[in-house]
Amino acid sequence: MNADPSSSELISDVQVLRSTAGSLQNAIASALGDCLLQSAEDETRQRLVWESVKSSVLRAATGAKKELGRVLVSRATEIVEAKIGREATALIRSVVDEVLLPPRALLEDQLSAFAVADAAEEIGRLVQDVAVATERTLLLRMDAAERLGRDDRDLLVELATELGGNARLVVTANDQHPEGQELQRLLEGRNSEPHELGPLPHEDVEAWLIAESVMRNHWSQVIRISDGYPLFIQDAIRLVKAGISLSSIETPRSFQSVFEQSFRRVDAGLQSRIIQIAAFSDPPPDDYLAGLLGLSSLELTVFEQKLVDEGVFIRRPDGVAWFHDRRRDYLWNSRLTAKQRQAVAITLLDSFQGRLREKSGVESWLALSTPAVLAAAGTEDLDPDVSRVLNTETNELALLASMIELIEPDQNPAAHTREIAAHAATRFSYAGDPIADLEALKTSGMIELASNAYASVAAPVIPSGFAYATLIGEIQHRFGLELVPGRALRSFEAFIKPLLGRFDSAVVFLQRATLSDLSSNFRGSVAKNEDPQRRRSKVGLGIVLVIDDQPVSVVAHFDDAAERTAARSSLVEGIRSSSARNHIQVERIEDLPASRVPYARFENLIKDRQRQHRTVMIRSQAELADLLYERAVSADRLASSLSDYEAAALGIERRRRFIVDIRGERMEAVVFEIATSHVARTVVATVASEVPLFEDPLIELRLRAQGLISAEERLTGWTAHLAVTQLDEAVVETIDDVIKQGRKFNKDLPRVPIPLDEEELAERIQNEMTTARNLEDELVRGGLLEQSVGNRDDSLLVLLNSGEPSSDRWHPWGASTFWIRDGRAQVCVRVLPENQEPPPMFATAEELAAVGIKNASAVTRTGDGVASFVLADLLGYTAEDVAIQDPRFPEYF
């Protein structure tokens, strides 16, 4: 429950009850003080409220009741004064001074002197009067009612009858204790509503964290530390918002006291076993626990249930019996002596080594406990790898942590340096110098660095065994976050895999993949893992999501399209309707294999103008910079005329700009291409690097450190220009790049089917002509291309003929085109009967009229050829991209 009052409620702090006589009345008085403090909007209002409080005390029916009222108001005034200071309380004291008592050491002694019945009636009346005076509902919160003495317990039961309406008493009691069970029985039938309070399920905790705008980075740690208990969730939220490590969360004394009572109730043998496992933040597997404690499986089950019954363990929301984290923390760090901790830790270190020899990987519970165990053991003679981990600077450790989360050993053994630094900043609040820190890690042998003309990458040198467990544990200890090695795969396993249903396999990586990335990954995986017979039937989904603020991309493989369709629906609906929506935002879902893109249309743009070999002279690095800027503008204008899918497939969905390094001779330069959100002029600079730029694995970070690229931009490649004197014009070079990317994207993808349907073909050709015109117009407006001289208003007639292949006819389909100047700009497609030939190239007026061309003189140009070549060109594709669908000739599909 939030302690922040709403407009209609005054909510007190939680008052922890004790066994001392008079504890309940003292808690009520303190809670009243909290509420009265919240009620004062200004001095006038404050005076009126406290005047009403004084009047209520003076109206008491008997002297004894008046005395009780004076005690309660005196205590309430002390609470207010403790919170706002004596000077700020002067007005209040001046109003109620008449009824205040002098301070006394043992307030509970005064309160315990009043008879239960009289006390309940007077407290109920006073509380109700305060509610009326404040014109708000009072919510007085009490905890640990099972600890109350007999008289206070009876008073609580009587108050259940006396209070109501605009005054409520919210009391919690542990029903694991006999006193709590008895209190529950006594309140039955009274003016009370029982509610069973257990740990909140993870979904509810997440909803709370969302409402409080807590970064997802902290969710798992908050859930682990709180075990679903609202008191600790609230305290954890407070610490996160203040930027304080969650490791500093305090265990309330009431929690300590409850644990002490539970711990003392068990015998010495059980206490010894409890101490043996107190270092474990997370519960180890049953087989390890049984071996450590010398118990059989049955004995371990009995042991765990006994500790649940005694309140040493709790039953967590996931059903596991283990310590509440804060009680365990109190036992290990406060109740045990340093000597006791050392004795346990030395035993555990030997046990850990044995466990690591048995298992192929490092278990999370072991890694999480390692820092506490090492600190307690105080061992001087540590393995050099372990010492190196413990002595690693925090900033360097953040980058190591980032790498461990980013890489997938079986799929992506290295991570881009830009991703490492960005992930570390987001996930581990990294604010260091990534260049210096990565170089320091390289020098110490903890990472490897590599580079080529397209990427700079780094990979951690993972130590084996206990050193790796220490590394994971140390990261979690220093940053107060759960480290997730191979985070992409773990996120997939937790959130995506359960929703996908049946799928054959999946590749997962922790980055925002492009459409081209998804397509090439699927194509490569199929070619590598499938036999030729199965390759044609394999389908997939390319999925880009953000999971807990981190981009994750998935390429999932399916045996058939039906399974893929079911998976897509299940994924979208599952995210929408389950708790996964708290973690996931879907950015892109693409069917794989991808559809080919019509990149040949770009070649047509420059073919008609004979611009393939048009070049410009480069006389300086400044002229090179200008030409590169024109290339960026050309790509931007092309992208604006395409669909999102086509722009993504052709690699121009993101804007680009360039940086020219001028460290070389006057006519030499290194050009860096930058993916950005908006086109900008080329920057000419001297890039600072102590090694040749092509050999520098930290080049992107250096560009960012020098302010040449922003955090949102990324380096996509770099090239050397040596003794440059002339280059292709900007639009030619850009279109050439797009054509190369289109050819690469389309390679090995299923061909685009062309059905022999007259209306559909006419519509598709018309649409392609419109797109081509838009592309041309965009480039003309940008001054990058001259307007074509052709007549755009000409109509097109396409005649398709077919016949059985023979020595005279090597292909079953032919196509003839007739461009007609009629000012209508329409497209008509006719499929001729089998073996009917179209008019020849130099047809007579009668021959043209036979196919619907009434004015032979209006025909401006004609053409013919194999239908797949002719239609592909009209649709913006190459002949290799298309396949005519005609069931008469299946061998030609």
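Here's a quick back-and-forth about a predicted model of a protein chain.

Me: What is the radius of gyration of the protein chain, and how does that sit with the globule rule?
Reply: We're dealing with 35 helices and 24 strands here. For 893 residues the globule rule gives 29 Å, and the chain comes out well over that, so it is more spread out than a compact globule. Along the principal axes, the C-alpha atoms fill a box of roughly 125 × 65 × 60 Å. The radius of gyration itself is 39 Å.

Me: What share of the residues in the protein chain is buried?
Reply: For the surface as a whole, the accessible area is about 41500 Å², with 48% of it belonging to carbon and sulfur atoms. Residue by residue, the cut-off for buried is under 20% relative accessible area. Out of 893 residues, the buried share is 50%.

Me: Among contacts between residues at least 6 apart in sequence, what percentage joins residues at least 24 apart?
Reply: A contact here needs heavy atoms within 4.5 Å. Take the pairs at least 6 apart in sequence, then keep those at least 24 apart, and you're left with 73%.

Me: How far apart are the centres of the positive and negative side chains?
Reply: The protein chain carries 98 positive side chains and 136 negative ones. A search of the whole structure also turns up 61 salt bridges. As for the centres of the two charge sets, they lie apart by 1 Å.

Me: Arg45 and Glu135 form a salt bridge; how many residues apart are they along the chain?
Reply: Their side chains meet at 3.9 Å, N to O. Arg45 belongs to helix H2, while Glu135 is in the loop between helix H6 and strand S2, so this pair links distant parts of the chain. Arg45 counts as buried at 19% relative accessibility, whereas Glu135 is exposed at 65%. The separation along the chain is 90 residues.

Me: Which helix holds both Lys306 and Glu310?
Reply: These two side chains form a salt bridge at 3.1 Å, N to O. Lys306 is partly exposed at 35% relative accessible area, and Glu310 is buried at 15%. They sit 4 residues apart, about one turn of the helix, and that helix is H15.

Me: Which residue forms a salt bridge with Glu700?
Reply: Glu700 is in helix H31 and its partner is in helix H21, 282 residues apart, so the pair links distant parts of the chain. Both residues are buried. The closest N and O atoms are 3.2 Å apart, and the partner is Arg418.

Me: Is Glu206 buried or exposed?
Reply: Glu206 is part of helix H9. Beyond its neighbours within four places in sequence, Glu206 has contacts that include Trp219, Ile223 and His583. Buried means under 20% relative accessible area. At 8%, Glu206 counts as buried.

Me: What distance separates the C-alpha atoms of Leu32 and Leu10?
Reply: Leu32 lies in helix H1 and is buried, at 4% relative accessibility. Leaving out residues up to four places away in sequence, Leu32 touches Ala76, Val127, Val130, Leu138 and Leu140. Leu10 is 22 residues away along the chain, and the C-alpha separation is 9.4 Å.

Me: And what is the C-alpha separation for Arg75 and Ser226?
Reply: Arg75 is in helix H3, and its relative accessible area of 23% makes it partly exposed. Ser226 is 151 residues from Arg75 along the chain, and their C-alpha atoms are separated by 32 Å.

Me: Which peptide bond is cis, with omega near 0°?
Reply: Look in the loop between strand S12 and helix H28, where Pro593 is found. The cis bond leads into that proline, running from Leu592 to Pro593.

Me: Ala144 and Asn835 both have positive phi; which of them is exposed?
Reply: Phi is near 70° for Ala144 and near 70° for Asn835, each being a residue other than glycine. Ala144 is in the loop between S2 and helix H7, and at 6% relative accessibility Ala144 counts as buried. The loop between strand S22 and helix H34 holds the other residue. At 56% relative accessibility, the exposed one is Asn835.

Definitions and conventions: Residues numbered from 1 in each chain as written. Predicted model: local features only at pLDDT ≥ 70, side-chain atom pairs only at ≥ 80, totals over all residues. Heavy atoms only, no water. Helix = DSSP H or I, 4+ residues; strand = E, 2+ residues; numbered from the N terminus. Rg over C-alpha atoms; globule rule 2.2 N^0.38 Å. Buried < 20%, exposed > 50% of the residue type's maximum accessible area, 1.4 Å probe, protein only. Areas by Shrake-Rupley, 256 points an atom, 1.4 Å probe, with all protein chains shown as cover. Lys, Arg positive; Asp, Glu negative; His and termini not counted. Charge placed at Lys NZ, Arg CZ, Asp CG, Glu CD. Salt bridge = Lys/Arg side-chain N within 4 Å of Asp/Glu carboxyl O.
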